[in-house]
Amino acid sequence: MDIAAPAQSAAIERVLRPGRGPRVLTAPTVTVLMTVHNGGAYLRTAIDSVLAQTYRAFRLLIVDDASRDDTRDIIRAYGDPRIECVMLERNVGQTAALNLGLRRATTPWIARMDADDYSAPERLEVQMALAAREGSLGCLGTFAWVFRQDPQTVDGVIEKPLDDAGIRRNFWRVIPLIHGSLILRRELVLSVGAYDERYRYSADWDLYHRLLARCRAANVPKRLLGIRRHPDQKSFLKASVDETIRIFSRVLAANGCARRERTALRASLSYTYMNRARCHRVEGRVGEMLRDVGSALRWSPATAGKQL
């Protein structure tokens, strides 16, 4: 699969490379790739956590997706030569913005980071050390914690399967990697087609499906990423469910999975339909709710029956 064409090359306004701040003494080996759209409310916390990393050989590449708040002023104010910002004139969506950043970066590794999250100071040091020891790894995530305002206040913990076998075994049951915690081999991601721009919210699951055909993956059993929860995410979560249904349906239609994988995938698709049906019920959309319940029963009667 070829990577998608650049998202409107004319949309690139300019690249900002602040020139003040600490000198970069070591050639970067990893680019922290962050996209942002009107993220001024949370952006400083995210950037500060990247600049405070104990691992120094990094660059921070921010793709500003046509923000209209104070996002650009915040970035300009840092004056740190480790920061590069590509500014887009019109909004293209996170997936297309990520692909643009992947093509612009030059380091062997990409570290994902969302503009409303927080990376623990030792995050890159721990991940890059393990990547150096385990040459067959192409994708390495971590555990995470949930917070709302203060990253030091833990509201919950997210853990994932540790090794490659566990990730594959649980792949279609629950997403086995936390996207914002990952480091990935840049050339490997490009070689499998990068992010599929048909998906604006769940492109990570689709990418993992293609990546794991080419490399091993693992998760560091340490909480190295803080994931912020805030009200602005409600519409994102619903759209993500819609796209997950599309991705699962497409994979099943391709008929490229082993029997055990197909069974797990059918159960997960049924579960996701039931989740969306509950959302429809809350919103009073009775017709949509009944259609989704029917779809859930068709894909896996046992899974749907447990939730009725």
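Two strands pair if DSSP finds at least two bridges between them. This criterion applies to the strand pairings shown below for the predicted model.

**Figure 1. Overview of the predicted model.** The protein contains 11 helices and 10 strands. Of its 308 residues, 53% are buried. Among contacts with a separation of 6 or more, 78% join residues 24 or more positions apart. The accessible surface amounts to about 14,400 Å², and carbon and sulfur atoms account for 52% of that area.

**Figure 2. Pairing of strand E10 with strands E6 and E7.** Strand E10 spans residues 216-228 and pairs in the antiparallel sense with strand E6, residues 118-119, over 2 bridges. On this side, Tyr118 has Gly226 of E10 as its bridge partner. Strand E7, residues 137-147, runs parallel to E10 and is joined to it by 10 bridges. Here the bridge partner of Ala144 is Leu225 in E10.

**Figure 3. Surroundings of Tyr118 in strand E6.** Tyr118 counts as buried because its relative accessible area is 15%, and the cut-off for burial is under 20%. The C-alpha atoms of Tyr118 and Leu225 are 5.8 Å apart in space, although the two residues are 107 apart in sequence. Beyond its neighbours within four places in sequence, Tyr118 is in contact with Leu224, Leu225 and Gly226, and also with Thr45, Ser49, Met113, Trp145, Phe147, Pro151 and Gln152.

**Figure 4. The largest nonpolar core, with Leu102 and Trp172.** This core comprises 52 residues, and Leu102 and Trp172 are the members with the most contacts inside it. At least two core residues come from each of strands E3 (58-64) and E4 (83-88) and from each of helices H3 (94-104), H6 (186-191), H7 (203-211), H8 (234-254), H9 (259-282) and H10 (286-299). Helix H9 provides the largest share of the core, 6 residues. A further core of 43 residues lies apart from this one, with Cys85, Trp109, Val220 and Leu224 among its members. In soluble globular proteins, nonpolar side chains tend to be buried together.

**Figure 5. The second largest pocket and Trp172.** The volume of the second largest pocket is about 310 Å³. Its lining consists of 15 residues, and those nearest the pocket centre are Trp172, His209, Arg210, Val251 and Cys257. Helices H7 and H8 each contribute at least two lining residues, with the largest share, 4 residues, coming from H7. Leaving aside neighbours within four places in sequence, Trp172 is in contact with His209, Val251 and Cys257, and also with Trp205, Phe248, Glu261, Ala264, Leu265 and Ser268. Trp172 also belongs to the largest nonpolar core, where Trp172 and Leu102 have the most contacts.

**Figure 6. Leu182 in the loop between helix H5 and strand E9.** The loop that holds Leu182 runs between H5 (164-169) and E9 (183-185). Leu182 has a relative accessible area of 0% and is therefore buried. In sequence Leu182 is 55 residues from Gln127, and in space their C-alpha atoms are 8.7 Å apart. Gln127 is also one of the residues in contact with Leu182. Other contacts of Leu182, with neighbours within four places in sequence left aside, are Ile110, Ala111, Arg112, Arg123, Cys139, Leu140, Gly141, Leu177 and Tyr208.

**Figure 7. Ala66 and Ala194, two loop residues with positive phi.** Most residues other than glycine have a negative phi. Ala66, which is not a glycine, has a positive phi of about 60° and is placed in the loop between strand E3 and helix H2 (71-78). Its relative accessible area is 5%, so Ala66 is buried. Ala194 likewise has a positive phi, near 55°, and is found in the loop between helices H6 and H7. Ala194 counts as buried, with 1% relative accessibility.

**Figure 8. Glu89 in the loop between strand E4 and helix H3.** Glu89 has 43% relative accessibility and so counts as partly exposed, a class that lies between the 20% and 50% cut-offs. Glu89 and Asp64 are 25 residues apart along the chain, and a separation of 9.0 Å is found between their C-alpha atoms.

Note on methods: Residues numbered from 1 in each chain as written. Predicted model: local features only at pLDDT ≥ 70, side-chain atom pairs only at ≥ 80, totals over all residues. Heavy atoms only, no water. Core = buried A, V, L, I, M, F, W, Y, C linked by side-chain atoms within 4.5 Å. Buried < 20%, exposed > 50% of the residue type's maximum accessible area, 1.4 Å probe, protein only. Contact = heavy atoms within 4.5 Å. Areas by Shrake-Rupley, 256 points an atom, 1.4 Å probe, with all protein chains shown as cover. 1 Å grid on protein atoms, 1.4 Å probe; cavity = no way out; pocket = protein on both sides within 12 Å on 5 of 7 lines; lining within 4 Å. Points joined across faces, edges and corners; volume = space filled by probe spheres on them.
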